[in-house]
Amino acid sequence: MPESTSSSLWANTAEPEVQATAQHGAAFADVVIIGAGFTGCAAALALAQSGARVTILEAKTVGWGASGRTGGQVIPGLKYDPDELEAMFGSDLGPRMVAAAGSVGDEVFGLIERHAISCDAQRKGWLQPAYSAKSLDLGLRRCDSWKRRGANVRPVDRSRMAQLLGTDHYLGGWEDGRAGHVQPLSYVRGLALAAQRFGAEIYVESPALSLTKAGTKWRVKTPNGSVEADQVLIATNGYTDGLWPGLARTVVPMISYQAATVPIPEALGKSILIEGHAASDTRRLLWYFRRDAHGRLIMGGRAPYREDLGPRDAGYVRNAVNRLYPQLRETPFEFHWFGRVAMTQDHLPHLHRLDDGLWTALGYNGRGVGMATLLGRFLAELASGVSPNDIAFPVTSMRPIFGYPFTRLAARVLTGYYRARDQMEAA
Ligand SMILES: Cc1cc2nc3c(=O)[nH]c(=O)nc-3n(C[C@H](O)[C@H](O)[C@H](O)COP(=O)(O)OP(=O)(O)OC[C@H]3O[C@@H](n4cnc5c(N)ncnc54)[C@H](O)[C@@H]3O)c2cc1C
């Protein structure tokens with residue numbers, strides 16, 4: 001696993017850590033959840049609220065995985081447009097899935113409000129600026145597809161996009177008013193705290209080492225004890241290890257790298273993201289950016305697959321800042337960090353039934369703030385006995401990717417190819 005996240009903006013500005021210790025001795029629960037990111041904590045909160053006895057086992061600390069490292073952009077929707085999803089999943093599941101994927105802003109900001117989570121939540125919309133004529137067409141089609149379903153979205157022309165972003169780099173695009181952004185480490189800690197208040201037990205520095213079945217019960221071993229439960233939820237996403245054979249081979253982890261500038265002086269920053277939007281552009285290797293609560297600019301993008309990245313690897317995001325905002329050329333980065341994004345072959349998140357009483361959700365393809373929160377709740381519903389047919393998302397069997405080592409290699413090669421295509425199309 002990659003090293004500590006202490007150099008991240010979020011670790012340095014978050015609400016305090018959740019009080020929790022390592023697991024010791026033999027314990028019992030209705031549901032054990034493995035992993036304390038958005039998926040695991042949202043599931044724990046929903047279960048604890050419904051009165052279930054819930055235990056979370058986290059290998060490191062709450063939010064240590066991707067959840068405490070994200071850009072914090074809460075973006076509704078999936079890789080496919082609503083029209084495409086309905087064609088792929090049919091007239092029953094398709095529209096329910098579209099409604100669910102479109103509702104993730106309500107899911108996240110609703111939880112934040114109901115549980116008074118302090119996480120600099122801002123629901124001021126998301127912009128998808130287009131860097132090429134082809135991607136502008138795609139974006140406008142996506143916008144239209146949502147608009148026909150009554151969503152709060154609108155096209156944004158070139159001059160309005162330049163005004164909102166503070167750069168004339170893009171050709172226009174569209175705006176999703178359902179979206180927003182959060183301080184993600186504070187958000188995941190807030191979910192965990194709310195779950196604790198409803199009685200969930202949270203253990204940190206407690207990796208699940210093995211998972212075995214005895215009769216109808218599951219037994220999860222930790223370094224100093226074990227927990228027995230009727231149901232187990234695996235919520236480990238891009239940090240999935242060998243706990244359940246084959247599961248790690250259903251996702252391809254890629255690295256996303258972010259840097260945050262020092263707080264930008266008013267004179268330099270007043271034209272940048274003037275209405276507080278989050279933004280991610282249409283590049284294949286996208287640039288995603290926003291301001292934080294202290295006026296820093298946070299810029300993210302794809303990085304080489306290494307777990308020892310540092311400030312010297314900031315060239316890609318520095319270039320993005322310089323291209324978009326030349327006035328910030330001399331504004332230094334204050335924080336750098338990175339984490340694993342779990343990609344799937346079909347570009348959709350996966351919700352799997354692995355065995356009787358064993359479920360998982362993973363593979364958010366970089367859209368996990370909203371989707372992991374939502375699928376966490378769906379996992380809780382499955383563990384509570386709701387039929388998979390009544391879940392607004394396909395519940396499938398796990399299918400490890402065929403030729404997995406080659407897929408990982410191909411993904412890395414593709415990164416270089418995509419970068420070249422992005423440069424050509426923008427030219
Ligand atoms: C740099 C970066 C930027 C991103 N930006 C955005 C964004 O702006 N918007 C967006 O929507 N999405 C974004 N994403 C994606 C999003 O962060 C993830 O999809 C989401 O956080 C996944 O949450 P999770 O709870 O499923 O997994 P994680 O948050 O990764 O949690 C998994 C946890 O499982 C634990 N674990 C693993 N194995 C074990 C074990 N055996 N026992 C116990 N615990 C275990 C890990 O320690 C980890 O804490 C970004 C991701 C990264 C890395």
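**Close-ups of a predicted model**

**View 1. The sulfur of Cys119 sits 13 Å from the closest cysteine sulfur, the one in Cys41, and that's too far for a bond.** This is a predicted model. Turn it around and Cys41 tells the matching story: its closest cysteine sulfur is in Cys119, 13 Å off, again too far for a bond. A disulfide would need the two sulfurs within 2.5 Å. Searching the whole structure turns up zero disulfides. Both cysteines are tucked away: Cys41 is buried at 0% relative accessibility, and Cys119 is buried too, at 3%.

**View 2. Asp81 sits in the loop between β3 (73–74) and α3 (82–102).** With a relative accessible area of 10%, Asp81 counts as buried. Its side chain makes a polar contact with the side chain of Arg142, at 2.3 Å. Leaving aside residues up to four places away in sequence, Asp81 touches Arg142 and Ser145.

**View 3. Here are the polar atoms close to the ligand, starting with a ligand oxygen 3.0 Å from a polar backbone atom of Phe38.** A ligand nitrogen is 2.9 Å from a polar backbone atom of Ala208. A nitrogen of the ligand also lies 2.8 Å from a side-chain N or O atom of Asp241. On its own the ligand would expose 1000 Å², and the protein buries 98% of that.

**View 4. Four elements each give two or more residues to the shell around the ligand: α2 (38–49), β12 (252–261), β16 (333–343) and α10 (368–383).** β16 gives the most, with three residues. There are 36 residues around the ligand, and Thr39, Glu58, Ser67, Thr70 and Asp241 come nearest. By type, the shell splits into 15 nonpolar, 16 polar and five charged residues.

Notes
Residues are numbered from 1 along each chain as its sequence is written. This is a predicted model: local features need pLDDT of at least 70, side-chain atom pairs count only at pLDDT 80 or more; totals for chains, interfaces and linings use all residues. Side-chain values use heavy atoms; hydrogens and water are left out. Buried means under 20% relative accessible area, exposed over 50%, partly exposed in between (1.4 Å probe, protein chains only). A polar contact is a pair of N or O atoms within 3.5 Å; within protein, one must be able to donate a hydrogen and the other to accept it, and residues adjacent in sequence count only if both atoms are side-chain atoms. Contact means heavy atoms within 4.5 Å. A residue is near a molecule or strand if one of its heavy atoms lies within 4 Å of it. Accessible areas come from the Shrake-Rupley method with a 1.4 Å probe; for residues, only the protein chains shown count as cover. Ala, Val, Leu, Ile, Met, Phe, Trp, Tyr, Cys and Pro count as nonpolar, Asp, Glu, Lys and Arg as charged, and the others, Gly among them, as polar.
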